[in-house]
Amino acid sequence: MVRKIVALFVALMALGLLSILLVFGVLHTQYAKPMVSYALEKLLDIHVTSEAVHYHYPNQITFENARFEIAEQPPIDVATLSVWLAGHLSAQQPLTVQELLIDGTTLNGKEPLPLELIERWQIENLAIDHMDYSDSELIINDLRLQIKGLVAGDSLMSSQGEIQLEASQLNYQGSALHDVLLDGLLAGNDRKLYGASFTWNGATISTQAQKLERGWSLVNTTINRLSLEQTHLDDPWLSLFRKYVNHINSLDILNSSLNYNGSKISNISASVEGLELDKTPWSQQQAYLSIDADQIVWQGFEFIEPTIELYASKDQIQIADLDTRFEQGRVQVSGELTPTQ
C-alpha cells in the first residue's frame with residue numbers, strides 16, 4: 001500500500017514537472033504569442049495585439065509593435081514593451097511587476113498616464129525610453145524616465161519613488177527648456193532634487209532643490225550666460241518658478257545681462273544666499289547679496305564696474321561695501337539702512 005502511495009506521489013510530481021516543462025517549451029515556440037495573449041485577457045482583462053512575443057527565462061516577456069487595450073482606458077501603442085514578473089501569475093493575488101520597460105510610444109492629453117493600472121499591478125520599477133507626450137499646455141520630446149521603488153498616486157507628483165528624467169525638450173505654453181536632466185526623490189512630503197540641469201533662453205542652469213513646508217528651496221544653483229529682457233518676465237516657466245519656489249539657499253549668476261524698465265546691468269556676476277522670495281527686503285531673516293558688473297544703468301545714472309555686498313535682516317539692510325566709478329569719479333559706501341533712515 002505504501003509503495004502504491006509513493007508511486008502515485010512520484011507520478012504526480014513527474015506530471016507536474018512535465019506540465020511546467022511543457023509550458024516553458026511552448027513559450028519558446030510560435031505559440032508563445034497566443035498563449036500569453038490569452039493569459040493576459042483572462043487573468044488581467046488586457047487585450048493585446050502584438051507583432052511578436054518573446055519569453056526570456058525565468059521571468060521576462062517582451063512584446064514588439066504591440067497595442068494594449070484595457071477596459072475604460074485609451075489603447076496604448078508601444079514599439080517594445082518588456083515585463084519582468086515577480087512571483088507567479090494568480091487569479092487570487094494581484095500581479096506584481098518587478099520592472100516594466102516601455103520603449104517607443106506617444107501619448108497625448110486624451111491618453112493620461114495609466115497610474116491607476118500601475119498601482120493595481122504593483123509595478124516596483126518603471127522605465128520609459130523615447131516617449132513623446134503632448135497636451136494643451138505641455139509637449140515633451142524624447143522622454144526617458146526611470147522610477148525606482150514606485151508607489152503610484154493619483155498623479156505623477158503625488159506618486160513616490162526615486163526618479164531620473166531626461167528629455168531633449170520640455171515645451172510649456174510655448175516656452176522651451178532644452179537638454180533637461182533631472183535626478184530626485186518623491187516620497188510624500190520629503191521631495192528632493194539631487195540634481196537638475198537644462199538650458200533656457202540661451203542660459204545654462206543647474207540646481208539642487210528641496211521641498212520645504214511653504215515651497216521649494218533652491219540649493220547650489222548656477223545660472224550662466226543669461227540674457228533677461230523685460231518681455232521674458234511673463235515667460236510661463238518663470239510663472240511656475242514664482243508659484244512654487246519661495247526660498248533661495250544659494251544661487252550664483254555668471255556672465256549675464258539684465259534689462260528691465262529702462263534699467264540695465266551688463267556682464268553681471270552675483271551671489272545670493274538665504275533669500276526668502278515671499279518676503280519684503282525688510283522682512284528677511286538672514287539674506288546675503290553680492291554683485292559685480294561691468295555697468296549698471298539706473299534711472300538715467302551710469303555706474304561703471306560696480307561691486308555691491310550687503311546683508312538683509314529684520315528691518316535692517318547692512319551695506320558691507322559699495323564701490324563704483326560714477327560721473328568721472330569714484331564712490332565708496334558702507335553703512336546701514338532701516339525703513340525710516
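This passage walks through the fold, salt bridges, charged surface and a few individual residues of one predicted chain.

The model is predicted, so local features were kept only at pLDDT of at least 70 and side-chain atom pairs only at pLDDT 80 or more, while totals for chains, interfaces and linings use all residues. Residues are numbered from 1 along each chain as its sequence is written, and side-chain values rest on heavy atoms, with hydrogens and water left out.

Starting with the overall picture, the chain holds 4 helices and 19 strands. These elements are DSSP runs numbered from the N terminus, with helices being H or I runs of at least four residues and strands E runs of at least two. Of the 341 residues, 34% count as buried; here buried means under 20% relative accessible area, exposed means over 50%, and partly exposed covers what lies in between (1.4 Å probe, protein chains only). The exposed surface of the chain comes to about 20800 Å², and carbon and sulfur atoms supply 55% of it. Such areas come from the Shrake-Rupley method with a 1.4 Å probe, and for residues only the protein chains shown count as cover. As for contacts (heavy atoms within 4.5 Å), residues 24 or more positions apart account for 40% of those with a separation of 6 or more.

Next come the salt bridges, of which the structure holds 7. A pair qualifies when a side-chain nitrogen of Lys or Arg sits within 4 Å of a carboxyl oxygen of Asp or Glu. One of them joins D278 to R214, with the closest N and O atoms 3.2 Å apart. This pair ties together distant parts of the chain, 64 residues apart: D278 belongs to the loop between β14 (263-276) and β15 (287-292), and R214 to the loop between β10 (203-211) and β11 (216-224). D278 is partly exposed because its relative accessible area is 45%, whereas R214, at 52%, counts as exposed.

Another bridge pairs E276 with K279, at 3.3 Å from N to O. Its two partners differ in cover: E276 has a relative accessible area of 9% and is therefore buried, while K279, at 31%, is partly exposed. Taken together, R214, E276, D278 and K279 are linked in a network of salt bridges.

A further bridge runs between R330 and D323, whose closest N and O atoms are 2.7 Å apart. R330 is exposed, with a relative accessible area of 58%, but D323 has a value of 15% and so counts as buried.

Charge also gathers on the surface without pairing up. D132, D142, E166 and D179 form a patch of negative charge there. Patches are built from residues with over 30% relative accessible area and no salt bridge, joining like charges within 9 Å and nonpolar side chains (Val, Leu, Ile, Met, Phe, Trp, Tyr) within 5 Å. Lys and Arg are taken as positive and Asp and Glu as negative, with His and the chain ends not counted; each charge is placed at NZ of Lys, CZ of Arg, CG of Asp or CD of Glu. Within this patch, D142 lies in strand β6 (residues 138-151), and its relative accessibility of 33% makes D142 partly exposed.

A152 sits in the loop between β6 and β7 (160-172). This alanine counts as buried, at 13% relative accessibility. Its C-alpha is 9.5 Å from that of E124, although A152 and E124 are 28 residues apart in sequence.

Two residues other than glycine turn up with positive phi. H130, in strand β5 (residues 125-134), has a phi near 55 degrees and is partly exposed at 41% relative accessibility. For Q328, phi is near 65 degrees; this residue is placed in the loop between β18 (316-326) and β19 (329-337). Q328 counts as exposed because its relative accessibility reaches 89%.

Finally, I205 offers a look at a buried position in strand β10: its relative accessible area is 11%, so I205 falls in the buried class. Leaving aside neighbours within four places in sequence, I205 is in contact with A196, S197, F198, W200, T222 and I223. I205 and R225, 20 residues apart in sequence, have C-alpha atoms 9.2 Å apart in space.
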